[in-house]
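Here's a quick run of questions and answers to go with the structure below. Keep the viewer open as you read.

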Amino acid sequence: MEFDLFGLIISFSDALDNIENEFVGIRKDHAKRVCWLSLLMGKKASFTREQLYDLAFLALMHDNGLTMANNEEPDLLKHGLDPKGIHCRIGEENVQKFPLMAKEEDGILLYHHERADGLGPFKKKENEIPLMAKIIHVADFADNSVSLGKNSSKANYLSMLPYVNKEAGRNFSPEAAELFRKAIGLKELFYLSNKDIHQEIRKIMPQESVDISNKELKDIATVFGNIVDSKSPFTKTHSAGIADKAVKMGQYYGWDLDTRYALFFAGSLHDIGKMLIPNSILEKPGKLTSEEYERMKLHVYYTFQMLKDVEGLQTINSWASNHHERLDGSGYPWGKTAEQLGTMERLLACMDVYQALREDRPYRKGLSHQTSISLMEDMAENGKLDRDIIADINKVFAIEKI
Ligand SMILES: [Fe+2]
Ligand SMILES: [Fe+2]
Ligand SMILES: [Fe+2]
Ligand SMILES: [Fe+2]
């Protein structure tokens, strides 16, 4: 499949930022600012175009391991501390599955919190840390120095420079601090506080579609799905379950391989917008208030928004972001009706309901296959879901006895 993977990563970084905002108060666009600062430093270091691509990609994804790390070490996000670098290790494992361009050195996200004084999570020495890791580390902390908390005045941005100077040789590698000094001046700090940073990144890394093999697509989709699922223990297998089950349905229908991989991708991404919904709502044990329910419903609109400008993902977006629409027009966010909902949209809507019914929720245990199908048949009876697809789901998954 051909699409703008980098564009998807930019969108995804908003969702990652949102999670850090929810837990540790990081400010909107943090990952994009880290990306842009890193790019400017990489250019000063005369990186090739391929190296700049990798650096930008890794900077946007620098904290992609946080939610999964929080599942390994509960309360990690609550305290905002990770002395063992669990999120660094998981984040590194995740990005290893992405197709990078230059990819000359591993360990860039693994070591993105290593310190020049050797007191980082893995106690690495200056010469053991890849330059890209040192660059992202400086950019990350420099931005945190102004973006943690609420104070983000222009004066605060200007404080980045003395902060980097002060930490050079302690927290920051002298080499990376020097690159920061050379690359980031008053003009850049002014840009950082005023300009649309997305556009500034795009000036250096223009929109470009890349050809992703089915194997790579599956790996990428799995990482995204796992990150989304790991936000809450109640959804820990939700996207992955839908992606797998959608592929099984595709097999049953005899659809070709490319279509099945595309379905896997759509299933993995369908609830990506849930990363923008606070866990206080996602995990609420009781009934949601009407205000909370309206907020919850927005997740699918966020999925749509995150995918809509990614070149090459329009079809996937339609499959993914219509999963709460209902044939009788009672769904959300658009209230589409049967004529506007194709087979894939209907299939993912059915898979979403089926998977959700089978899973534990804060207020009930997971239901059996038969009970789930009966409830879905009632929904079909009421004009909500596609009756034929439910019959097919019944055939495919009753056999598996899952
Ligand atoms: Fe980090
Ligand atoms: Fe960060
Ligand atoms: Fe959903
Ligand atoms: Fe879902």
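**Helices, core and domains**

Q: For the 12 residues of helix α3 (residues 49-60), what end-to-end distance goes with the expected span?
A: This is a predicted model, so a quick check on geometry is a fair start. At 1.5 Å a residue, α3 should span 16 Å. That agrees with the separation of its end C-alpha atoms, which is 17 Å.

Q: Is α3 mostly covered or mostly uncovered, and how many of its residues are buried?
A: The buried set includes Tyr53, Asp54, Phe57 and Leu58. These buried residues pack against α1, α2 (30-44), α6 (86-95), α7 (131-147) and α12 (197-204). So α3 counts as mostly covered, and of its 12 residues the number buried is nine.

Q: Where does the largest nonpolar core lie relative to the domains?
A: This core has 111 residues, and Leu58, Ala246 and Cys350 have the most contacts inside it. Its largest share, nine residues, comes from helix α1 (residues 5-24). Domain 1 (2-204) and domain 2 (213-400) both give residues to the core, so its place is between them.

Q: Which residues does Ala246 touch, leaving out those up to four places away in sequence?
A: Ala246 is one of the residues with the most contacts inside the largest nonpolar core. Leaving out residues up to four places away in sequence, its partners are Leu263, Phe264, Gly267, Leu347, Leu348 and Met351.

Q: Which element gives the most to the side of domain 1 that touches domain 2?
A: The domain assignment gives domain 1 (2-204) and domain 2 (213-400), with 32 Å between their centres, taken over C-alpha atoms. The contact takes 20 residues from domain 1 and 20 residues from domain 2. On the domain 1 side, β1 (2-3), α1 and α4 (66-72) each supply at least two residues. With nine residues, the one that gives the most is α1.

Q: How do the residues on the side of domain 1 that touches domain 2 divide into nonpolar, polar and charged?
A: Domain 1 puts 20 residues into its contact with domain 2. By type, they come out as eight nonpolar, seven polar and five charged.

Q: Why does Leu288 count as neither buried nor exposed?
A: Leu288 is in the loop between α16 (279-282) and α17 (290-308), where it touches Ile281, Tyr293 and Met296, not counting residues up to four places away in sequence. A residue needs 20 or more C-beta neighbours within 10 Å to be buried, and 12 or fewer to be exposed. Leu288 has 14 inside 10 Å, so its label is partly exposed.

Terms used:
Residues are numbered from 1 along each chain as its sequence is written. Chains are lettered from A and ligands numbered from 1 in the order in which they are written. This is a predicted model: local features need pLDDT of at least 70, side-chain atom pairs count only at pLDDT 80 or more; totals for chains, interfaces and linings use all residues. Helices (H or I, at least four residues) and strands (E, at least two) are DSSP runs, numbered from the N terminus. Two residues are in contact if their C-beta atoms, placed from the backbone, lie within 7 Å. A nonpolar core is a set of buried Ala, Val, Leu, Ile, Met, Phe, Trp, Tyr and Cys residues joined through C-beta atoms within 7 Å. Domain bounds come from an automatic or database domain assignment. The expected span of a helix is 1.5 Å times one less than its number of residues. Ala, Val, Leu, Ile, Met, Phe, Trp, Tyr, Cys and Pro count as nonpolar, Asp, Glu, Lys and Arg as charged, and the others, Gly among them, as polar.
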